[in-house]
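Colleague: Got a minute to walk me through this model?
Modeller: Sure, let me put it up.

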Amino acid sequence: MSYAELHCLSCYSFLRGASHPHELVERAAALGYAALAITDECSFAGIVKAHVAAKAAGIKLIIGSELRLEEGLRLVALVPNRAAYSELSGLISMARRRSPKGEYRVALRDVIFHLKRCLLIWLPQRDDDNTRAYGLQLGRLCKGRLWLGISH
């Protein structure tokens, strides 16, 4: 059975990821992964280096980004095609432009309005009524392209 890691942070996610994107790709290839998603927080900074390494290693690279929304939600957006890449790139630029350097601001309405083609992984942080309500809203507005992300 092939495995693909769909949420991986590189050193470009400041104080969260440690390894360079090309190192992550090389390690994933050595472990026999079918694919690796580089999903740095509100950034595509490591994608070029990861792409070069993925070509050399013969592993599929999935481009994406993790987003912490103003509502307290955490999502991973993955791009399945060029149109989705354009949408996510535009959202990242907008979120960065509306904030001081090194920060970003993105809300649920931005995700709903701008990311029509991206695949979304919702990473709930707690189990309460508010979180469940957001989950239901996401499920209704992103039907067919939303998954629940769970990790150890």
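**Core, helix and pockets**

Modeller: This is a predicted model. The largest nonpolar core has 39 residues, and Leu 67, Leu 88, Val 111 and Leu 115 touch the most other members.
Colleague: Which helix gives the most to this core?
Modeller: Helix α3, residues 82-97, with 6 residues.
Colleague: And what is Leu 115 in contact with, leaving aside neighbours within four places in sequence?
Modeller: Its contacts include Leu 67, Ala 77, Leu 88, Leu 91 and Leu 120. Glu 87, Asp 110 and Arg 145 are also in contact with Leu 115.
Modeller: There is also a second, separate core of 7 residues, with Ala 37, Ile 62, Leu 78 and Leu 123 among them.
Colleague: Switching to α1. Which residues are buried there?
Modeller: Pro 21, Leu 24, Val 25 and Ala 28 are buried in α1, residues 21-30. They sit on the same side of α1, because they cover an arc of only 100° around the axis.
Colleague: What is on the other side of α1?
Modeller: Arg 27 and Ala 30, both exposed.
Colleague: What do the buried residues of α1 pack against?
Modeller: β1 (4-8), β2 (35-38) and α2 (47-57).
Colleague: Now pockets. How much space lies in the largest pocket?
Modeller: About 280 Å³. Of its 13 lining residues, the closest to the centre are His 51, Leu 61, Ile 63, Val 79 and Tyr 85. β3 gives the most to that lining, with 4 residues. The lining divides into 8 nonpolar, 2 polar and 3 charged.
Colleague: And the second largest pocket?
Modeller: About 220 Å³ of space lies in the second largest pocket. There β1 gives the most to the lining, with 3 residues.

Definitions and conventions:
Residues are numbered from 1 along each chain as its sequence is written. This is a predicted model: local features need pLDDT of at least 70, side-chain atom pairs count only at pLDDT 80 or more; totals for chains, interfaces and linings use all residues. Side-chain values use heavy atoms; hydrogens and water are left out. A nonpolar core is a set of buried Ala, Val, Leu, Ile, Met, Phe, Trp, Tyr and Cys residues joined through side-chain atoms within 4.5 Å. Buried means under 20% relative accessible area, exposed over 50%, partly exposed in between (1.4 Å probe, protein chains only). Helices (H or I, at least four residues) and strands (E, at least two) are DSSP runs, numbered from the N terminus. Contact means heavy atoms within 4.5 Å. The arc is that of the directions from the helix axis to the C-beta atoms. On a 1 Å grid over the protein atoms alone, a cavity is a set of points where a 1.4 Å probe fits but cannot get out, and a pocket is an open set with protein on both sides within 12 Å along at least five of seven lines; lining residues have an atom within 4 Å of a point. Grid points are joined across faces, edges and corners, and a volume is the space filled by probe spheres set on the points. Ala, Val, Leu, Ile, Met, Phe, Trp, Tyr, Cys and Pro count as nonpolar, Asp, Glu, Lys and Arg as charged, and the others, Gly among them, as polar.
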